[in-house]
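Me: I should like to go through the reasoning behind several labels applied to the structure below. Please set each value against its criterion.

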Amino acid sequence: MEDEASGLFRRTSTRTRKVAAKMVAALASSDNRTQAALARLEALENDNAGIETIEINDDDEASLDEDEAYMKRQSKNTKRKTRQAKALENAKKAPRTFLELLQEANLESLPSHVPSYLKAAVGPPSCTSRRNFCTVCGYTANYTCVRCGVRFCSCRCQNIHNDTRCLKFVT
Amino acid sequence: MSNVVVLDNGGGLCKAGIGGDRDPSAVVPNCLGRPSSSKKWLVADQLQACEDLTSVSLRRPFDRGYLINPDLEKEIWDRIFRSLLRVDPTASSLLLVEPLFNLPSIQRSTDELVFEDFGFRSLYVADSPSLVHLYEASHRPDGLISRAQCSLVVDCGFSFTHAAPVLQNFTINYAVKRLDLGGKALTNYLKELVSYRSINVMDETFLIDDVKEKLCFVSLNVPRDLQIARRPGKDNLFRCTYVLPDGVEHMKGYVKDLDEAQRYLTLPDEAWFPSQGMKDGCAEVPEKPEDRKRIDLTKNEFNLTNERFLVPEMIFRPADLGMNQAGLAECIVRAVNSCHPHLHPVLYESIILTGGSTLFPRFAQRLEKELRPLVPDDYHVQITTQEDPILGVWRGGSLLASSPDFEAMCVTKSEYEELGSARCRRRFFH
Ligand SMILES: [Zn+2]
Ligand SMILES: [Zn+2]
């Protein structure tokens with residue numbers, strides 16, 4: 001029974017995940033806490049947080065059939081392409097992210113009176129104080145993990161954090 | 001007379017229908033999805049019709065609120081226009097709702113989609129705040145919004161939240177403020193909390209959307225509610241259980257005892273504290289992690305307590321999550337302050353809430369509570385929520401599309417072919 005139930009949530013095998021731009025920046029940063037914080041925010045924009053096989057340029061077994069069918073439609077007589085060639089082709093078709101398009105738009109060069117995406121950003125809060133909630137149980141948290149910067153409320157929650165989640169977003 | 005197709009093309013939902021109608025005939029996810037049980041990608045309404053939505057992989061044409069993948073959007077629009085609306089684009093005009101501050105490159109690819117791929121006869125591009133204003137003003141002709149011809153539209157949608165002052169049916173672009181948080185981030189945050197604290201739901205976007213919509217609410221007093229949320233037993237007004245689909249008896253997840261889960265809404269404030277002389281937060285037995293785990297694992301269910309209000313809390317205090325952005329109340333104040341001082345009192349008195357993420361219970365009350373201390377004492381703060389915050393923008397579009405001078409405001413296909421995207425676009429915004 002339990003087996004069957006957990007099957008609902010079973011993952012397919014793990015494969016390389018496409019790493020988002022901010023994630024790259026985070027990983028390049030030597031500071032674990034910054035890394036963890038950035039990666040955590042980045043994760044909030046994911047469409048498929050837990051599924052690792054989604055982007056078209058993935059080596060995704062399940063979508064192979066479709067991709068192949070597509071290839072065949074595109075070019076009838078070419079032989080089956082190598083994975084690498086396929087990946088390259090897919091990468092070319094892959095849409096650019098909004099942040100890439102934004103960079104290309106070069107909005108910084110607009111005169112200062114022209115409203116734009118960049119100028120509409122609300123900006124930092126006037127009061128920088130931050131309430132802290134325990135990431136384990138949600139309750140008010142008075143302690144910070146020295147390794148990853150995440151907050152916890154008690155010894156009990158600290159232990160759970162250390163055992164399960166510490167540096168999850170870093171490694 | 002030809003049809004006007006009205007399309008509110010949101011990052012989360014596409015709302016599509018015929019101009020002049022009261023409601024859109026299609027409200028469908030703006031994405032393709034592939035359930036773990038299927039090899040086929042399902043498009044828009046096919047996803048809604050799909051019985052088993054566990055572990056759906058998603059592909060969205062939108063990223064951070066903007067259309068980045070026109071090829072994908074084309075598949076979705078094709079489904080909507082041909083199978084759901086059954087219209088012939090070449091014999092129709094299109095009123096398209098686009099996000100504020102759309103990038104020129106995205107406008108260009110959108111125009112290509114509209115004129116070259118679908119061959120619409122003509123196009124009008126509108127933004128959501130002006131349509132919301134139009135709808136509210138015309139539905140309350142004697143109200144302040146209509147008399148003063150201005151309002152402050154707060155649109156809390158899928159990808160982001162905008163506070164946008166509108167004057168005489170035009171969005172005051174230079175005063176708009178954006179908070180980079182919307183329903184998508186809230187769902188993802190809830191996924192993360194549930195996955196960490198109870199059971200892995202990282203792949204279950206549709207399921208957690210449902211949990212969020214049914215169980216989350218906005219707290220009017222966070223420290224108090226945190227206390228309530230860790231009481232044991234019946235005194236914990238917030239603890240509730242969500243049951244995951246088992247794929248046999250239940251294809252969809254559901255809230256176990258929904259009335260019980262919602263009793264916090266009907267109780268008067270005083271009743272939140274039992275009368276045994278217990279004062280705020282002392283002498284309490286904090287919830288033990290074991291309590292939380294005391295759920296029936298064979299039934300695949302999970303408990304929620306403080307997650308119910310800590311998730312929407314993000315919109316009011318993004319800094320809590322480490323985001324360097326002001327919360328919603330400050331966002332509104334900054335938008336108002338960017339307008340002429342004459343407008344300030346009227347804007348605070350005509351705040352309109354729209355967008356799916358404003359549907360959380362007590363959203364408006366909390367906003368007013370946060371806003372009041374930031375607004376000069378002699379100004380009134382008046383917040384109204386749209387009758388239907390998900391359809392409000394579309395309804396405004398439908399109204400505009402049925403106005404007599406609509407066709408004259410459009411760019412025609414031949415104008416587009418002659419002038420190109422950039423020059424045609426200048427017509428839509430002042
Ligand atoms: Zn804790
Ligand atoms: Zn840690």
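Me: What makes the pair B:R64 and A:E42 a salt bridge?
Reply: In this predicted model, the closest N and O atoms of B:R64 and A:E42 are 3.5 Å apart. The criterion asks for a side-chain nitrogen of Lys or Arg within 4 Å of a carboxyl oxygen of Asp or Glu, so the pair qualifies. Across the interface of chain B and chain A, the rule finds 5 salt bridges, together with 26 residue pairs in polar contact.

Me: Which element gives the largest share of the side of chain B that touches chain A?
Reply: That share, 8 residues, comes from α6(B).

Me: How is the extent of the contact between chain B and chain A expressed?
Reply: About 6,100 Å² is buried between the two chains, and carbon and sulfur atoms give 53% of this area. In chain B, the residues losing the most area to chain A are B:R64, B:R178 and B:Y196, together 13% of what that side buries. Chain B contributes 69 residues to the contact and chain A 61 residues.

Me: Why is the site of the zinc ion (ligand 1) called tetrahedral?
Reply: The protein donors are the SG atoms of A:C134, A:C137, A:C153 and A:C157, at 2.3 to 2.5 Å from the zinc ion. The angles among the 4 donor atoms are 99 to 119°; four donors count as tetrahedral if all angles lie between 85 and 135 degrees, so the label applies.

Me: Why do A:C137 and A:C153 count as buried?
Reply: Relative accessibility is 16% for A:C137 and 18% for A:C153. Buried means under 20%, so both residues meet the criterion.

Note on methods:
Residues numbered from 1 in each chain as written. Chains lettered and ligands numbered in written order. Predicted model: local features only at pLDDT ≥ 70, side-chain atom pairs only at ≥ 80, totals over all residues. Heavy atoms only, no water. Donors = N, O, S within 2.8 Å, 3.2 Å for Na, K, Ca; no water. Tetrahedral: all angles 85-135°; square planar, octahedral: opposite > 155°, others 65-115°. Buried < 20%, exposed > 50% of the residue type's maximum accessible area, 1.4 Å probe, protein only. Contact = heavy atoms within 4.5 Å. Buried area = accessible area lost by both parts, 1.4 Å probe. Polar contact = N/O pair within 3.5 Å; in protein donor to acceptor, adjacent residues only side chain to side chain. Helix = DSSP H or I, 4+ residues; strand = E, 2+ residues; numbered from the N terminus.
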